[in-house]
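Opened the notebook to look at the ligand site. Which residues come nearest to the ligand?

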Amino acid sequence: MALFDQEASTYDNWCNTPLGSFVDKVEKEWIAKSAQPQVGEKAVDLGCGTGIFTIWLAKQGLDVTGIDLSSEMLAKAQEKAQREDLAIHWIQADMNRLPFDRETFDLVIGNIVLEFVENPEKVVAEALRVLKKDGRLVIGLINKESYWGRTYSQKGKDNPDSVFAHAHFYSEQTIVSWETRHFASLDYGLFVTPENFENENQALELEKKLSRTAAKNQAGFIVARWNK
Ligand SMILES: C[S@@+](CC[C@H](N)C(=O)[O-])C[C@H]1O[C@@H](n2cnc3c(N)ncnc32)[C@H](O)[C@@H]1O
């Protein structure tokens, strides 16, 4: 049984809460800025889970594949895509060993996935292998040094049954040390925390302000990009 199988039935509930919906918007905004998805491109979403980002890319006209270790998460993703009549390829596979030829994709993305593998730099290298020349690899991560990183890390310590008990969090210094030959940029978002969240509109306004004024290392979300 894969780690996330037991999460599949409730995973999307978070996005339907006001705070979860805000976080989802912030994550997509920063992934979009970094990834610049283009109509007709071939993309793969590593650790696609219930397809939140896979479906988002397919709706923008990309030819998308979602891969995940968990058959339950994939089943949920497939069900959602079918409901929306979206043609997406779903594959149960391990992102450590991608079942694709080298230089297959224009864009590889993965959101909150390197936290759950043993060797993230190896996955970055494997993702670069399947990228075409001039392709982009864009990965969203929880910043270890932030309020969000500390909270999720504590959740894992408090509850050994939680998926966070199996997660590893990284700081920007570590992320920039992976595959330095191809490393391109970091973007920072999610400065709002549950403590200063009132409602979605207030939080989006506050997020705009904090992204200009707060120290980058306080961002809860880091988006890293590598270019092939
Ligand atoms: C936190 S969820 C993120 C899901 C999705 N990317 C999102 O943002 O909603 C992590 C996902 O990574 C998947 N995963 C973990 N290790 C994996 C691996 N080695 N290969 C493929 N998928 C993996 C899990 O099954 C889970 O669905």
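I call a residue near a molecule if one of its heavy atoms lies within 4 Å of it. This is a predicted model, where local features need pLDDT of at least 70, side-chain atom pairs need 80 or more, and totals for chains, interfaces and linings use all residues. Numbering runs from 1 along each chain as its sequence is written, and side-chain values use heavy atoms, without hydrogens and water.

Looked up the shell: 20 residues surround the ligand, and Gly47, Asp68, Asp94, Met95 and Asn111 come nearest. By class I get 13 nonpolar, five polar (Gly counts here) and two charged residues.

Next, polar contacts (N or O pairs within 3.5 Å). The side chain of Asp94 puts an N or O atom 2.9 Å from a ligand nitrogen. Tyr11 has a side-chain N or O atom 3.0 Å from a ligand oxygen. Leu69 uses a backbone N or O atom, 3.2 Å from a ligand nitrogen.

Then burial, by Shrake-Rupley with a 1.4 Å probe: the ligand alone exposes 600 Å², and the protein buries 94% of that.

Last, the record: UniProt's unreviewed entry annotates residues 44–139 as "domain: Methyltransferase type", possibly by inference rather than experiment.

Definitions and conventions: Polar contact = N/O pair within 3.5 Å; in protein donor to acceptor, adjacent residues only side chain to side chain.
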